[in-house]
Amino acid sequence: MSDLDFVSGGKPIAIERGEGPFLYATDGTEYLDAGASYACTPLGHSHPAVVDAVQEQVGDLTFVDSSYPVQAREDAYAALVAATPDGLEGAWFCNSGTEANEAALKFARSATGNSKIVAATRSFHGRTMGSLAATWKDKYKKPYEPLAGDVEFVPYGDAEELADAVDDETAAVILEPIQGEGGINVPPAGYLEAARDLTDEAGAALVLDEVQTGMGRTGEMWACQHAGVTPDVLTTAKGLGNGLPVGAIAVRDWIADGAASHNATFSGGPVVAAAVHATISTLVEDEVPAHAAQVGDYLVDELEAAVGDHVREIRGEGLLVGVEVKRGANRVARDLALDHQILALPAGRTVVRLLPPLVLEESHADRLVEALEGVLAPEAETESR
Ligand SMILES: *Cc1c(COP(=O)(O)O)cnc(C)c1O
């Protein structure tokens, strides 16, 4: 089996059940999920609070459109607005991350009257026409061009280049507070603050894409909270329904005013709304973000001690961790899965991305560290050359 087969599809592991940080294959093998679910299950697989809420709701009322008040939907909106930073008082639900960013770009246009978007190198914002236009990699874009909109890319993390690009014709600056797909890139201190100041001065919208970094992953509910920066638009999805397909856009009032015509048929449907309410309530009540911060620090310290000398860099925040290896992240992910029953994700060619459920305990982190040590130990590296 080639590396490519393993990463892009056709993994030889048929999963039938999940519980907490574990996934179980049809042959009974237990895998520690350190990223296979793309950050979509912050509470762990099939968390009882979410399962119960969803089962009850699907039996009572599976769907009615958003023009009718439904308790589950109202609870989900209230939980989301309470959980987003102060100043973000409006919200919409949608069905995915790309749809959330698509709406963010629309709202920035209607609120500013401008169309220019400034995005960053190595960004990933989704695969529909607008979000894709703000996504960096040509591989995702080329076959579908021309894409929607007028996008200028600036080097991620460089505040001076950002200052040169933002002007009074800018509708939005869209950034991930820490880049996920692009390789777990943490910007230098002060970068998000600079983006906030520049967009304020220019009258542009600051859109922070928290699709991967949100829902407690980095040790705060939202990664922008580490910098004390509140955007004009915050987008989220992935972990929002602990595995159910749902996204959201949270906005300041000046953004909401021009976006009245926005909607989607399935927006805030009762079943996903029940999942959102249960997920956010559990994250808050169980103080899951603080747990993620603590176990994340432990994991990074242990990784540094065990494999620090064999890798280029270990970086991230909370339980969003990237291990930059010297070569072949695909191969490392494959060996972790087949030899150690750990499911991790490559991000680019050289970064192994660890995005375990946030309920990970230190004992699980130990298992992860031991496995990475096994795969990255110099003997193992020489063997495979
Ligand atoms: C995954 C991701 C998206 C796209 O989300 P989908 O639900 O796949 O459309 C957008 N932005 C970031 C930062 C992501 O990680």
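**Exercise 1. Place Met 215 in the chain and describe its backbone.**

Step 1. Met 215 sits in the loop between strand S8 (205-209) and helix H9 (224-227). The model is a predicted one.

Step 2. Look at the backbone angle. Phi of Met 215 is near 60°, a positive value in a residue other than glycine.

Step 3. Set that against the general rule. Most residues other than glycine have a negative phi.

**Exercise 2. Find the cis peptide bond and say which loop holds its proline.**

Step 1. The cis bond joins Glu 145 and Pro 146. Its omega is about 0°.

Step 2. Pro 146 belongs to the loop between H6 and strand S6 (150-154).

Step 3. Again, recall the general rule. Most peptide bonds are trans.

**Exercise 3. Count the cavities of 30 Å³ or more, then describe the largest cavity.**

Step 1. The count is one.

Step 2. The volume of the largest cavity is about 40 Å³.

Step 3. Now read off the lining. The largest cavity is lined by Ala 39, Pro 42, Val 211, Gln 212, Gly 214, Met 215, Arg 217, Lys 238 and Gly 239. Met 215, from Exercise 1, is among them.

Step 4. Sort the lining by class. It has four nonpolar, three polar and two charged residues.

**Exercise 4. Describe the shell around the ligand and its polar contacts.**

Step 1. List the neighbours. The ligand is surrounded by Ser 96, Gly 97, Thr 98, Asn 101, Phe 124, His 125, Gly 126, Glu 176, Asp 209, Val 211, Gln 212 and Lys 238.

Step 2. Sort them by class. The shell has two nonpolar, seven polar and three charged residues.

Step 3. Which helix gives the most to this shell? Helix H4 (residues 97-112) does, with three residues.

Step 4. Check the backbone contacts. A backbone N or O atom of Thr 98 lies 2.8 Å from an oxygen atom of the ligand. A polar backbone atom of Phe 124 is 3.2 Å from a nitrogen atom of the ligand.

Step 5. Turn to a side chain. Asp 209 places a polar side-chain atom 2.7 Å from a nitrogen atom of the ligand.

Step 6. Work out the cover. Taken alone, the ligand exposes 390 Å². The protein buries 82% of that area.

**Exercise 5. Say where the ligand sits, and describe that space.**

Step 1. The ligand takes up space in the largest pocket.

Step 2. The largest pocket has a volume of about 1000 Å³.

Step 3. Its lining holds 44 residues. Closest to the pocket centre are Tyr 38, Arg 127, Tyr 140, Glu 181 and Arg 353.

Step 4. Name the contributing elements. Those that give two or more residues include helix H1 (3-8), H4, helix H6 (138-141) and helix H13 (329-340). Strands S13 (342-343) and S14 (345-347) also belong to this group.

Step 5. Pick the main contributor. H1 gives the largest share of the lining, four residues.

Step 6. Finish with the classes. The lining of the largest pocket divides into 22 nonpolar, 11 polar and 11 charged residues.

Technical notes
Residues are numbered from 1 along each chain as its sequence is written. This is a predicted model: local features need pLDDT of at least 70, side-chain atom pairs count only at pLDDT 80 or more; totals for chains, interfaces and linings use all residues. Side-chain values use heavy atoms; hydrogens and water are left out. On a 1 Å grid over the protein atoms alone, a cavity is a set of points where a 1.4 Å probe fits but cannot get out, and a pocket is an open set with protein on both sides within 12 Å along at least five of seven lines; lining residues have an atom within 4 Å of a point. Grid points are joined across faces, edges and corners, and a volume is the space filled by probe spheres set on the points. Ala, Val, Leu, Ile, Met, Phe, Trp, Tyr, Cys and Pro count as nonpolar, Asp, Glu, Lys and Arg as charged, and the others, Gly among them, as polar. A residue is near a molecule or strand if one of its heavy atoms lies within 4 Å of it. A polar contact is a pair of N or O atoms within 3.5 Å; within protein, one must be able to donate a hydrogen and the other to accept it, and residues adjacent in sequence count only if both atoms are side-chain atoms. Accessible areas come from the Shrake-Rupley method with a 1.4 Å probe; for residues, only the protein chains shown count as cover. A molecule sits in a cavity or pocket if more than half of its atoms lie within 2 Å of its grid points.
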